[in-house]
Amino acid sequence: MSQYLLAIDQGTTSSRAIVFDAKGVRVGQSQQEFPQHFPNDGWVEHDPKDLWQSTLTVCQNVLKDTGIDADAIASIGITNQRETTVLWDTETGETVYNAIVWQDRRTSQYCQSLVDKDYSELVQSKTGLLIDPYFSATKIRWILENVEGVKERAKLGCIAFGTVDSYLLWKLTNGRYHRTDATNAARTMAFNIHTQQWDEELIELLEIGDVIFPQVMDSSDDFGTIDAQWLGAEIPVNGIAGDQQAALVGQACFDPGMVKSTYGTGCFMILNTGDKPLKSEHKMLTTVGYRINGKVTYALEGSIFVAGAAIQWLRDGLKLFDDAAETQSLAERALNADTVYLVPAFTGLGAPYWDPDARGAMIGLTRDTSVSDIVSAGLRSVCYQTKDLVDAMAQDGAKFSTLRVDGGMVVNNLVVQFLSDVLGITVERPQVTETTALGVAFLAGLRVGMYESLEQISELWQSEQQFNPEMGQENREKLYSGWLDAVSRVRSVQ
Ligand SMILES: Nc1ncnc2c1ncn2[C@@H]1O[C@H](COP(=O)(O)OP(=O)(O)O)[C@@H](O)[C@H]1O
Ligand SMILES: O=P(O)(O)OC[C@H](O)CO
């Protein structure tokens, strides 16, 4: 009997495949990194072949390592780095350019021209997003405009667009299905989150109407069956969600007001706002949390581009330590932690500043500043940035008393305790921190009847540890005002 769920998590730096049993317990995992390409200042690309090959390899490996037969997999869920854009030729089956990654800033001038022409309100009212190179639509346009022959092929109806989930589904089903889910569609800047349709007016405005857009499905749906040649059996795909929304599901944030924050390369905080989209007046994004049985649950999102990436920079760029695991003990020895600030605006600042031209800085250095102080400042920067998001959401009227956290950084107790201190709220870490993969496994399992309801899934979520604020209000305010001062010094526009 089919009793397991296979989650594919195609992320920014690696592809993972995780097998879960019906109780959401991880049975096995395989992971593979792939190269990053930086062909120009501010450009970030992935070779689609790497995305596909690494995904296939980890799926095959996890089955081999666990000894689980493909027939025992009841369903597959695909979760992915969002916004990253792939275009392929439907006749040749070949991609026409590298995948342009979400971090890529090459369309920032074009985005600025849209802002200058006063399209911000139109875009926000339809898509819930702010005009920014982060989202897929201007990346599609760039490929059409700049890669020889693609525009002509698009006019002939031969060019398909997909986010990474859509491309992988197309590959896994040997070109039978060109589909995505509503959470991924909501990150393109071409999808109307109110009508749940591709928005013809925006598509025309951006001049991307000749590409074929994927069919938008629920996050828990019948996406198609993968070809037996890949894993040895035909297995249905029943869950697709962008990785941050999948984490919302994996954290069982199913009630309005519940919120999670994921600390990986970047940090993404998502608040469930229920069946009503909440328009932000403070530069948060309105997005789709998940769509099940045609019913949309909306969310408010704060996106920070650099979280764990700051720790990687301290390790690989400055070579201050060999392993991220050393950061906790290093930071515990910091004597000037309260006065040294690192603003990791390496690729500009995301929410709530949206300042692509800001650059990073270290503030408060003295003759006795140590490696420990700098490491501590790197870890704390992630918490201060989260406070920026929490405050912006609070100004939008969203208040909450508990934050659920996950991702690679939250194994660091010092980070999670400081987060609770600086936010002044309870921070909760779950037993399973692979919430992204777990979330999409839940979505797939829901569709095939392994779970009856979201309530049943909620019961599987378990807290591992709660962190409560230990810092006084006065100290909190003093530290945070130092952060705001540091940020104000790196802004390109105040
Ligand atoms: N003990 C630690 N303390 C602080 N940061 C850590 C620790 N362990 C890992 N990290 C950071 O967490 C990130 C990896 O998290 P992960 O969720 O795997 O990221 P992603 O899915 O974006 O690739 C890396 O940027 C790494 O620097
Ligand atoms: O692949 P991750 O975990 O860095 O997540 C990337 C986000 O989906 C970008 O929006």
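**Helix 1, helix 6 and a six-stranded sheet**

The crossing of helix 1 and helix 6 is right-handed, meaning that the near helix is turned clockwise from the far one, with left-handed kept for an anticlockwise turn of less than a right angle. This is a predicted model, where local features need pLDDT of at least 70, side-chain atom pairs count only at pLDDT 80 or more, and totals for chains, interfaces and linings use all residues. Residues are numbered from 1 along each chain as its sequence is written, while chains are lettered from A and ligands numbered from 1 in written order.

Helices (H or I, at least four residues) and strands (E, at least two) are DSSP runs, numbered from the N terminus. Helix 1 covers residues 48–66 and helix 6 residues 164–172; their axes come within 11 Å and cross at roughly 65°. Axes are lines fitted to C-alpha atoms, for helices over the stretch in contact, with angles from 0 to 180 degrees between N-to-C directions. Pro48, Leu51, Trp52 and Thr55 of helix 1 meet Val164, Tyr167, Leu168 and Lys171 of helix 6, contact being C-beta atoms, placed from the backbone, within 7 Å.

Now the sheet. Six strands form an open sheet, order 3-2-1-5-14-13, with mixed pairing; a pair needs at least two DSSP bridges. Strand 3 (26–33) and strand 13 (220–225) are at the edges with a single partner strand each, so one side of each has no neighbour in the sheet. Strand 1 (residues 4–10) and strand 5 (residues 73–80) run parallel, joined by seven bridges. Ile8 is opposite Ile78 in strand 5.

Helix 1 lies across strands 1, 2 and 3, at about 145° to strand 3.

Definitions and conventions. Two residues are in contact if their C-beta atoms, placed from the backbone, lie within 7 Å.
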